[in-house]
Amino acid sequence: MAFKKKKEKEKKEKDPNALSTRRVLSNNLFVLKLIHSVAPSYLPTYFLWSVGNAIINFLMNIWLLREIVNRYEEGRPASEVIGMLVGLIIGQMIWYCLIQTLPDIVYPRYQQRIVEHIQRGLFEKASAVELACYENPEFYDKYVKAMDNAYGRCMDVVYTVDGCIWAVVSIVSTGAMLFFIDPLLVAFSLLPLLIGLIRNLRNKVSKKRHDERQKLDRREGYVQRTFYLNEYAKEMRLTGFPGLMLRIYDKAQTDYIALWRKYGFKMTVLRLFSDSSSALTSAAAMMYAAFRTLVSRSMGIGDCLVVFNSVDAVAWNLTRMAEVFTEFRDHAMYIEDYRYFLEYEPKLAATPGGREAKSGELRAEHLTFTYAGAEKPALKDVSLTIRPGEKIALVGHNGSGKTTLVKLLLHLYEPDSGAVTLDGIPAGEYDASSWRDAFTTVFQDFKMFSLSVAENVLLRPLKDGDDALVTEALKRSGAWERVEKMKNGIHTTLTREFDDEGEVLSVGEAQKVSLARAFTNDSPFVILDEPSSALDPIAEYNMFQNMLDACRDRTLIFISHRLSSAVLADRVFYMEDGAITEEGTHAALMAKNGRYAELFRMQAENYRETEDERAAREGGSR
Amino acid sequence: MKKDEKKEKKEKKIPLGRTLYCNFLMLSKIWHMTPQYIVFMVIVGLVGGAASSLETIFTYMLFNALDEPGVTFGRMALYLGVILGVNLLIGLFYAWYYEYYQTVTDKKLQHRMHEELFRHALTMDLACYDDPKFYNDYVWAMDESKGRAVQVLDDTARMINYLITISTLITLMMRVDVLVGSILFVGAAADAVLWEVGNRFNFKKNERTKPLHRKNSYVNRVYHLADFAKELRVSRAGENLEKIYSDSVDGIVEAEVWNGKRRYGLDLLTEVIDEVARFLPVVLLLFKLYDGTAQLGAFVASINIIWNLNWSMYDLAKNLIRMPENARYVEKYLKFMSYRPTILSGETAPEPLETVEFKNVTFSYSPIEPEEKEEKAESEKEGEDKPQSPKNSLEDVSLTIRRGEKVAIVGYNGAGKTTLTKLLMRLYDPTEGEILYNGRNLKDYDIPGLRARIGTVFQDYKIFAATVAENVLGRECADEDRDAVTDALTKATFADRLAELEAGMDTPLTKEFDEAGVNLSGGEAQKVAIARIFARPYELIVMDEPSSALDPAAEYELNHTILEYARDKTVIFISHRLSTTRMADRILMFAEGRLIEEGSHDALMRMNGKYAEMFRLQAEKYREAG
């Protein structure tokens, strides 16, 4: 696997767009196989449909005319000719009645199943790859492309094959007929094949132009967003930024026009050549037929008419054939991203069906970790041991590595060196889903899903008896007052993503809903990353009391830069520049009088009461 | 729910007249921006129609000529030459037009349209953003603006082309045989009717599947946005989402099959009509052939016209499908462009700030779409599922801020603190009461002038994809600005980080269009945002929770610096962290949109009211340990 990836990477570096012909075929076949495995009767019937349609098209539009002309010239009676015509029409209608059930009634089901299969495959993979993938722009870009294009491209492959079948059947049938009339005519039909080469060239130029414009697209899109997204609206009104943005936009437009001009002439010429090819061929073939009929008198009028009538079709279908490979190549490029993503092996060590994670001693052993693309490691040789049931506070300045440490403990990233262990066994040896279930985590940048309140709290499918559980949890996290007032209580959908009656929570309310999760289960570990950043002091205070209560027997790890909460912890880890520099109880650290104590005093200073205030308070409470 | 559906239908069903009118409006818009484009569009349509008519006529003559006993090869070659010539010329014209002329002109047009859209967007009241429906339409209009104008142009050109071609073909056929011509005409008309019925079917289906597709694309988005990646890994939320996904797939299948069954009958009917309209003429022509009233060449020529007519009709139908879609875009676009802001600038240039006074100000966020006021009134009358009347964000607030004061506005989340700022900046106007600037209504003043005197750092500030200096200045950075930028960044305690940046203040921020761009951390970005107010000579500075992303040490340092540098300025701090606001001259305590307590920290502590309670609660934990 590793070798293969390396090889692929090398190829990529040489020319990101060049795929070998073999790979092009293999990618397209991959898609067909995939579709076939989901809906086995889809492709056979689909292709039967295209063959049938192509044959009917030939019979009705080309062969029929020749038959009529021939029979007329042979002096057959009108009844015979009309009978044949009516017979064909009836035959066509019967075929249509039968076959039209496919696209109208049968295929929607297949197609939806195929989308579902493809998307689910992507979802599954997306949840399995390590978080680092999201930070790797190249990977992420591929992934987004795969997500956006997978289904559409898969269907496009089918359509291209369909077009291919149609063209082949038409060419073979019409070609055979023309060959029958005069073998030389077939030679004329081959001319457009040369034009296929020009077409290929044209595609290459257009691809180049497309690549060059992408940078401009990005600039343009960004400026557009700053003008219409809500999040920029205030600043765009209050400051001079619109002028700055318009300048970027104007520059992009000038660059665009320069780019179009640069390629304009080339594209015009190429298009002219490829477009006029079929006109030229048809004219030549018709000229030839006219010559044989009128000058050398070796062709009957009937045949001449047939040639006039059908030579266009062959030329058109041959041009179409020339496009087919370009189309396959184009599909293959997108499918390449899709396959790359599907075949990507997550770098996160995992043992499916491994040990079950339970409460125990959680340790970080000499963890060092660097984010992709970062120069400095975010964590440097961090070791710590957390005993079951301990309450741990991680404190420190922004960027000191607190959140990173937590993410590694959660096994979202693989460390550069060192390991996370539970009861002495590395995280990778546990079953991934049991590891996940062992932790209840509320992140600083928690997100509300477009699910019901209850589902947002539990973040798992609902079961019987969950209603009471969720209600209780919301009460303890302080969100109940808000939820109680909602139309459907805890079953109200949050966000307006797809429910216009959905409730939109403020940041503080959303945080309370997120925090409620910790009250709904008794996972051995609870991790809270800046749990109270958006809460007002009273809410914060109540939440902390409730949380400590709920975590009496559980391990609680919380990150905070408000040191007032660190006081409640059994042990405090003070982090600086990716390392733990001080460790101990609040009292011990204060006594040590190091960086932690300094920071704490600084924060506390503003809260220290003056004599007057104390007197007032005591006076007031009396 | 039912109402919603009705509304959507109302919005979506656009009658044919309106469709044409909308397309026309778009064309006249384009005419104003790039008149040459319209001229060329008409030429493209006319030339295209003329070329295909010519081709058909000459092909017809070509076939007919074969019937003549004494026809020469030379005449045939001439006909063929004309056909080829027409084809090559039109090919050349198209190649130049589509690959060169259109790409460039298109960009010019788009540029002008977008600039107009952008400028218009800036005049929109902020309240519009609170109205999801208006906002969605607006975003859609913006997104679509890229290709739609050209689409309208191209479609119109094609329409001209097809109409010319089809009328030529039918006229030609009428001359050959009136009956056949009439059959073709009736067939075409019947097709159009069936096509419209089919459209209605599809429309119904789309109405059913639209919300389902919306769900699916939401799930897709959740999986590919980095924002959700962590949550999906640490919880089982994926299972819920996949359930939503498969449920809506089931729903879509059901709707598609339901529609397919209805369509099936329609498709069969269309097929029968098509075949009859196509082959009945052939049978009639055959009779004529056997009668001896027509010869073989004429017979094939006529059939050729019928075939061609068929193709043109098919093309026309395809083209027609897009027209209502275009019209829908134009409607939204026009609606947006005709939007007039309700927050209007006054004419007086504001003099230096002396006092700002809120007099019995009440405010509620009630997004009202200008054009839907009527509908709203209607639905209110109906009284069913009326949205709970929006709570007032501010309720009868009166306060005065004098020059040089340092005022803190504190309170719990949702107390109306930020709303106050937004009113002051005239992003919204009060629902009741008035705001006085130096004793005169704020509405009398020129808005840009006001905003040049009042600077704000919002909680949800944004960093733009521009250099550090440009981000501070909000415009291009000239040489003489550089000192001011350094100074502002230093005051905002960003100097250390600035020294680390390789290109200093010229470092591009965000990776939006520069791979070498720097992504600042939350705290750093906030400092840059704060530097903005130091870079300009504001008289009143509003800090809306400016330090929420900063750690305590930075917060402490920053608050002191701000106070120091802003000694001669008026400053309003907004916060729920009372440690940061304690140093203010005056503290205004808000609760549920009302001003409940006011005074210095000491006075409020002595008063022992809500403020004192809140302060103690925050201080308590520090005190116990300290």
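In what order do the four strands of the open sheet in chain A run? The order is β2-β1-β4-β5, and the pairing is antiparallel. The model is a predicted one, and this sheet is a good place to enter it.

Start at the margins of the sheet. Strand β2 of chain A covers residues 379-386. Strand β5 of chain A covers 425-426. These two are the edge strands, and each pairs on one side only. Now move inward. Strand β1 of chain A, residues 362-369, runs antiparallel to strand β4 of chain A, residues 417-422. Five bridges join β1 to β4. Within this part of the sheet, A:E365 faces A:A419, which belongs to β4(A).

A helix covers part of this sheet. Helix α12 of chain A, residues 402-409, packs on the sheet. The helix touches β1, β2 and β4 of chain A. Its direction makes about 120° with that of β1(A).

Step back to the whole of chain A. The chain holds 21 helices and 10 strands. Its radius of gyration is 35 Å, whereas the globule rule gives 25 Å for 622 residues. The value is well over that figure, so chain A is more spread out than a compact globule. The C-alpha trace tells its own story: along the principal axes of chain A it spans about 125 × 55 × 50 Å. Of the 622 residues, 42% count as buried. Contacts in chain A can also be sorted by sequence separation. Among those with a separation of 6 or more, 76% come from residues 24 or more positions apart.

Turn next to chain B. Its domain assignment gives three entries, domain 1, domain 2 and domain 3. Domain 1 is made of 18-198 and 276-337. Domain 2 combines 346-368, 390-461 and 538-626. Domain 3 is the segment 464-519. How far apart are the C-alpha centres of domain 1 and domain 3 of chain B? They lie 53 Å apart.

One residue of chain B deserves a closer look. B:K491 lies in helix α15 of chain B, residues 482-491. Is B:K491 buried or exposed? B:K491 is buried, because 21 other C-beta atoms lie within 10 Å, and the cut-off for burial is 20 or more. Leaving aside residues up to four places away in sequence, B:K491 touches B:A531, B:F534, B:T561 and B:Y565. B:I183 is a distant reference point. B:K491 and B:I183 are 308 residues apart in sequence. In space, their C-alpha atoms are 84 Å apart.

How values were computed. Residues are numbered from 1 along each chain as its sequence is written. Chains are lettered from A and ligands numbered from 1 in the order in which they are written. This is a predicted model: local features need pLDDT of at least 70, side-chain atom pairs count only at pLDDT 80 or more; totals for chains, interfaces and linings use all residues. The radius of gyration is taken over C-alpha atoms; the globule rule is 2.2 Å times the number of residues to the power 0.38. A residue is buried if 20 or more other C-beta atoms lie within 10 Å of its own, exposed if 12 or fewer, and partly exposed in between; C-beta atoms are placed from the backbone. Two residues are in contact if their C-beta atoms, placed from the backbone, lie within 7 Å. Domain bounds come from an automatic or database domain assignment. Two strands pair if DSSP finds at least two bridges between them. Axes are lines fitted to C-alpha atoms, for helices over the stretch in contact, and angles run from 0 to 180 degrees between N-to-C directions.
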